[in-house]
Amino acid sequence: MELLSTPREAGVRAAVTARDLVKVHGRGDASVRALDGVGVSFGAGRFTAIMGPSGSGKSTLLHCLAGLDAVDSGTVHIGGTEVTGRTDRELTRLRRERIGFVFQSFNLLPALTARQNVLLGLELAGREPDPAWFDAVVDALGLRDRLRHRPAELSGGQQQRVACARALVGRPDVVFADEPTGNLDSRAGAEVLGFLRASVREFGQTVVMVTHDPVAASYADRVVLLADGRLAGEVDRPTPDTVLAALRHLGGA
Ligand code: ADP
Ligand code: MG
């Protein structure tokens, strides 16, 4: 069992561990070293935000952690299972069983109702939903009276809440979210962030979220900073002010 070493994380079990991750996009002169030796762990039952300048590798890191993108070297483990070096077929199964993902652009299937979208992953995995858990998630997200609607009949905030339900309904080891409030107004964004935080505090979920918004990051227990594809610092118990200060420090201002 991997334990985290930073003071506030000491003794917290790691849900996700990345070691020496390198990821190069493209080839030759046009290649970009998006991850340049990233080693980081994310505590189980904790809400961690990943921040850093645009292009610093945040999305690449999240995609590599979730097995959505292959690394060039290094390893990723989720709950003791190695994600790196898997076949596509193994990865598909691992993602269905162990990982939830919330995208900035919701990524719901337009022809399916909210309920069908939430349950699709379980259905594909041949798993039965736990009705009590389904109800708890749907009620926590305020989606009870929206389950028969298709995405086009829902607001952006409601669509993202459906995407959150989809990510959580299988009780994954970890939920990754890439700028989940990036397409929402501040009120809808606050609802999504409040839910992600509640999923950690009340349901014991592990959440790792990329954001560029210091207010969004302040919902997390910990902020990990990236710059130029490398770890560049951390903020424990972040507030918008301490996050802003850390980002300014990164920028050298
Ligand atoms: P962030 O999410 O922090 O804005 P990204 O992980 O999206 O950063 O990108 C990191 C770097 O990798 C950037 O320089 C970006 O242009 C480059 N990059 C990302 N995806 C690709 C890709 N598919 N092909 C080529 N370069 C990419
Ligand atoms: Mg990004």
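**Notes on a predicted model**

1. Asn117 is a good place to begin: leaving out residues up to four places away in sequence, Asn117 touches Leu108, Leu109, Leu112, Pro151, Val162 and Arg166. Please keep in mind as you read that this is a predicted model. Asn117 belongs to helix H3, which covers residues 114-124. Is Asn117 buried or exposed? Asn117 counts as buried because its relative accessibility is 1%, and the cut-off for buried is under 20%.

2. Now look at the rest of that helix. Asn117 shares the list of buried H3 residues with Ala114, Val118, Leu119 and Leu122. What covers the buried residues of H3? The cover includes helix H4 (131-140) and H5. Just after H3 comes Gly126, which takes a positive phi of about 70 degrees.

3. Helix H5, which helps to cover H3, runs over residues 156-168 and holds Gln160. Gln160 is buried because its relative accessible area is 0%. Which residues does Gln160 touch, not counting those up to four places away in sequence? They are Val102, Phe103, Gln104, Phe106, Pro180, Leu184 and Val192.

4. For a contrast, try Ala70, which sits in the loop between H1 and strand E4 (73-78). Ala70 counts as exposed because its relative accessibility is 52%, and exposed means over 50%. Once residues up to four places away in sequence are set aside, Ala70 touches Lys23 and Cys64. You could also find Asp130 in the viewer: Ala70 and Asp130 are 60 residues apart along the chain, and their C-alpha atoms are separated by 32 Å.

5. Next, the nonpolar cores. In soluble globular proteins, nonpolar side chains tend to be buried together. In this model the largest nonpolar core has 45 residues, and the members touching the most other members are Phe47, Leu196, Met209 and Val223. Phe47 is worth selecting on screen: aside from neighbours within four places in sequence, Phe47 is in contact with Leu193, Leu196, Arg197, Val200, Val207, Met209, Tyr219, Ala220, Asp221 and Arg222. Another core, of 28 residues, lies apart from the one that holds Phe47, and its members include Val38, Ile99, Val174 and Leu226.

6. Let's turn to ligand 1. Which residues are around ligand 1? They are His25, Val32, Ala34, Pro53, Ser54, Gly55, Ser56, Gly57, Lys58, Ser59 and Thr60. Sorted by class, this shell has 3 nonpolar, 7 polar and 1 charged residues. Strand E2 (32-43) and helix H1 (58-65) each supply at least two residues of the shell, and the largest share, 3 residues, comes from H1.

7. Some of these residues bring polar atoms to the ligand, and you can look for each pair in turn. A polar side-chain atom of Thr60 is 2.5 Å from an oxygen atom of ligand 1. At Gly57 a polar backbone atom takes part, 3.1 Å from an oxygen atom of ligand 1. His25 has a side-chain N or O atom that lies 3.4 Å from a nitrogen atom of ligand 1. How much of ligand 1 does the protein bury? Taken alone, ligand 1 exposes 560 Å², and the protein buries 57% of that.

Notes: Residues numbered from 1 in each chain as written. Chains lettered and ligands numbered in written order. Predicted model: local features only at pLDDT ≥ 70, side-chain atom pairs only at ≥ 80, totals over all residues. Heavy atoms only, no water. Near = heavy atom within 4 Å. Polar contact = N/O pair within 3.5 Å; in protein donor to acceptor, adjacent residues only side chain to side chain. Areas by Shrake-Rupley, 256 points an atom, 1.4 Å probe, with all protein chains shown as cover. Helix = DSSP H or I, 4+ residues; strand = E, 2+ residues; numbered from the N terminus. Nonpolar A, V, L, I, M, F, W, Y, C, P; charged D, E, K, R; others polar. Core = buried A, V, L, I, M, F, W, Y, C linked by side-chain atoms within 4.5 Å. Buried < 20%, exposed > 50% of the residue type's maximum accessible area, 1.4 Å probe, protein only. Contact = heavy atoms within 4.5 Å.
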